[in-house]
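Let us read this structure through a few questions, starting with the ligand and then turning to the protein chain as a whole.

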Amino acid sequence: MSDLKELRQLYSEQGLSQSGVEANPFAQFNIWFDQACASDTAEANGMCLSTVSADGKPSQRTVLMKGYDEKGFVFYTNHDSRKGNQIRNNTSVSALFPWLALHRQIIIEGEVSRVDDETSLAYFHSRPRGSQIGAWASKQSHRLASRAVLEEQIKEVEARFEGQSIPLPEFWGGYRIVPKRFEFWQGRNHRIHDRIIYQWLASELVWQTERLSP
Ligand SMILES: Cc1cc2nc3c(=O)[nH]c(=O)nc-3n(C[C@H](O)[C@H](O)[C@H](O)COP(=O)(O)O)c2cc1C
C-alpha cells in the first residue's frame, strides 16, 4: 500500500489547471472520488447538502452520496424531513465533498428531483433490515419526546413486518442532484490554491471551465 502521507503531499504539489482537468466535470469527479476512496479520507461519499427554506434561510447536513453518473448525484432520505420539505419548496441545492486530508473540496450546485420508485426500492432493499426498519420508525426531523419512544416505534415496525419483506415507505426515497456548476478546489502551498469551475452552457450544451482566484 502506498504511503498516504506522501500521496497527500504529492496532490498538493500537483495542482489543477484548465488544460490539465478533464473536459467533462463528471470524469474529473470520478478521478478525484477514486483517489479519495483510496486515501484515508473517512466516508469519502459523505457530502454536506445545503437546502434553502421557503423564506430564503439556508440549512445544511451531511448525507451519503449513493450513486453518480452523468445524470447526477443520488442520495436517500426522508421526504418529510426538514431537507425534504425545503426541497419541495425550492429545488436549488448545493453539496460539498470535504476531502480535507487530501486538501481538496468539490462543490456542486444544481437542481434536485426525486429518483423513480424502482430505484429507491432497489436501494432500500439493499440496506440492512435494521436500517429499513429505522427508516419506517423514524419521523426524521420531527420532535421526539425521548429515545424510549423511538425504540418503541422500532418494536412496532418490527412486529408489523415480521417474516415479510419490508415495503418502501411512501415518505422515503432518493433524490438526484443535476449539477449546473462544479468547483474543484485544490489546496496549494502558501494558500495560493487552485480553483477550477465548470459551468453548464445550456445554449451550447457544453461545460465551460474558468479559473477563480483563491
Ligand atoms: C456521516 C453521515 C452520513 C449521513 N447520511 C445520511 C443520509 O444518507 N441520509 C439522511 O437522511 N441522513 C443522513 N445523515 C443524517 C443527516 O446529517 C441529518 O441529521 C438528517 O438527514 C436530518 O436532516 P434534516 O433535519 O436537515 O432533514 C448522515 C449524517 C452523517 C454524519
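A residue is counted as near a molecule when one of its heavy atoms lies within 4 Å of it. The model is predicted, so local features need pLDDT of at least 70 and side-chain atom pairs pLDDT 80 or more, while totals for chains, interfaces and linings use all residues. Residues are numbered from 1 along each chain as its sequence is written, and side-chain values use heavy atoms, without hydrogens and water.

Q: Which residues are around the ligand, and which element gives the largest share of the shell?
A: The shell is made up of Arg-61, Thr-62, Val-63, Leu-64, Tyr-76, Thr-77, Ser-81, Arg-82, Lys-83, Gln-140 and Ser-141. Counting helices (DSSP H or I, at least four residues) and strands (E, at least two) from the N terminus, the elements that give two or more residues are strand 2, strand 3 and helix 3 (82–89). The largest share, four residues, comes from strand 2.

Q: Which residue has an N or O atom in its side chain 2.6 Å from an oxygen atom of the ligand?
A: A polar contact is a pair of N or O atoms within 3.5 Å. Polar backbone atoms take part at two places, with Thr-62 lying 2.7 Å from a ligand oxygen and Tyr-76 lying 2.9 Å from a ligand nitrogen. The side-chain partner at 2.6 Å from a ligand oxygen is Thr-77.

Q: How much of the area that the ligand exposes when taken alone does the protein bury?
A: Accessible areas come from the Shrake-Rupley method with a 1.4 Å probe. Taken alone, the ligand exposes 620 Å², and the share of this that the protein buries is 63%.

Q: Why does the pair of Phe-29 and Trp-99 count as tilted, and how many residues apart in sequence are the parts that it ties together?
A: Rings of Phe, Tyr and Trp (its six-membered ring) pair if their centres lie within 6.5 Å, and planes under 30 degrees apart are stacked, over 60 edge-to-face, and the rest tilted; by this rule there are 27 aromatic pairs. The rings of Phe-29 and Trp-99 have centres 6.0 Å apart and planes at 50°, so this pair is tilted. Because Phe-29 lies in helix 2 (residues 25–38) and Trp-99 in strand 4 (residues 92–99), the pair ties together parts whose separation in sequence is 70 residues.

Q: What pattern does the protein chain follow along the sequence?
A: The protein chain has six helices and eight strands, and its C-alpha atoms fill a box of roughly 60 × 45 × 30 Å, taken along the principal axes. Read along the sequence, the pattern is α-α-β-β-β-α-β-β-α-α-α-β-β-β.

Key. A polar contact is a pair of N or O atoms within 3.5 Å; within protein, one must be able to donate a hydrogen and the other to accept it, and residues adjacent in sequence count only if both atoms are side-chain atoms.
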